[in-house]
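Dear colleague,

I am handing over the structure below, and I would be glad if you could look through it before reading my notes, which follow directly after it.

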Amino acid sequence: MENCIFCKIIAGEIPSAKVYEDDDMLIIKDINPQADVHYLLLPKEHYANIVEMTDAQAQTLAGCIKKLSAMVDELGLKDGFRLVSNKGKHGCQSVEHLHIHILGGSQLSENMA
Ligand code: AMP
Ligand code: ZN
């Protein structure tokens, strides 16, 4: 998708700190970390958010999360983590390419809002 920063990262047109890549997804370090460990899981296919996600994209995303679950120790998340996907204005979504924040590395706040 033209003018999508995450599509440009996926295409290798913008550098990123990649921690994992396969045919379906990229996991990168967030450029502005909000926790000791803060990654972004980016499906390679462009769609804006979970509301616009097709059934096939949902199936692929589920597979990505399953793969993530097998990597938590090596990603520094063995004591737990939080997955967040912001949508729209109230959710404070700033990049319109679906992404899942992966937060952890130390004790997170109980307050999620
Ligand atoms: P959201 O506000 O949920 O749309 O999250 C977008 C996230 O993308 C923010 O946490 C940003 O810090 C992060 N971000 C924006 N540009 C980059 C980039 N070039 N590399 C890594 N993370 C980025
Ligand atoms: Zn995109």
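Which N or O atom in a side chain is 2.7 Å from an oxygen atom of ligand 1? It belongs to N86, whose side chain holds an N or O atom at that distance from the ligand oxygen. Please keep in mind throughout that this is a predicted model, and that the distances below are computed from its atoms.

Ligand 1

Two further contacts of this kind accompany the one from N86: the side chain of H101 places an N or O atom 2.8 Å from an oxygen atom of ligand 1, while V95 takes part through its backbone, with an N or O atom 3.0 Å from an oxygen atom of the ligand. Ligand 1 would expose 500 Å² if taken alone, and the protein buries 84% of that area. Two elements, helix 1 and strand 2 (25-29), each give two or more residues to the surrounding shell, and helix 1 provides the largest share, with 3 residues. The shell consists of 16 residues, the closest being D30, N86, S94, H99 and H101; sorted by class, it has 8 nonpolar, 6 polar and 2 charged residues.

The zinc site

The zinc ion (ligand 2) is held by four protein donors, namely the SG atoms of C4 and C7 and the ND1 atoms of H46 and H97, which lie 2.0 to 2.3 Å from the ion. The angles among the 4 donor atoms run from 106 to 117 degrees, and the site is tetrahedral; for comparison, the ideal angle for four tetrahedral donors is 109.5 degrees. Along the sequence, the donor residues follow the spacing C-x2-C-x38-H-x50-H. Within this set, C7 and H97 link distant parts of the chain, since C7 sits in helix 1 (residues 5-10) and H97 in the loop between strand 4 (81-84) and strand 5 (100-104), 90 residues apart. Both of these residues are buried.

Between the two sites

One residue deserves a separate remark, as it brings the two descriptions together. H99 is among the residues closest to ligand 1, and it is found in the loop between strand 4 and strand 5, where the zinc donor H97 also lies. The side chain of H99 reaches the backbone oxygen of H97 at 2.7 Å. H99 has a relative accessible area of 6%, which is under the 20% cut-off, and therefore counts as buried.

With best regards

Conventions
Residues are numbered from 1 along each chain as its sequence is written. Chains are lettered from A and ligands numbered from 1 in the order in which they are written. This is a predicted model: local features need pLDDT of at least 70, side-chain atom pairs count only at pLDDT 80 or more; totals for chains, interfaces and linings use all residues. Side-chain values use heavy atoms; hydrogens and water are left out. Donors are N, O and S atoms within 2.8 Å of the metal (3.2 Å for Na, K and Ca); water is not among the atoms, so sites may look incomplete. Four donors count as tetrahedral if all angles lie between 85 and 135 degrees; four count as square planar and six as octahedral if opposite donors are over 155 degrees apart and all others between 65 and 115; anything else is irregular. Helices (H or I, at least four residues) and strands (E, at least two) are DSSP runs, numbered from the N terminus. Buried means under 20% relative accessible area, exposed over 50%, partly exposed in between (1.4 Å probe, protein chains only). A residue is near a molecule or strand if one of its heavy atoms lies within 4 Å of it. A polar contact is a pair of N or O atoms within 3.5 Å; within protein, one must be able to donate a hydrogen and the other to accept it, and residues adjacent in sequence count only if both atoms are side-chain atoms. Accessible areas come from the Shrake-Rupley method with a 1.4 Å probe; for residues, only the protein chains shown count as cover. Ala, Val, Leu, Ile, Met, Phe, Trp, Tyr, Cys and Pro count as nonpolar, Asp, Glu, Lys and Arg as charged, and the others, Gly among them, as polar.
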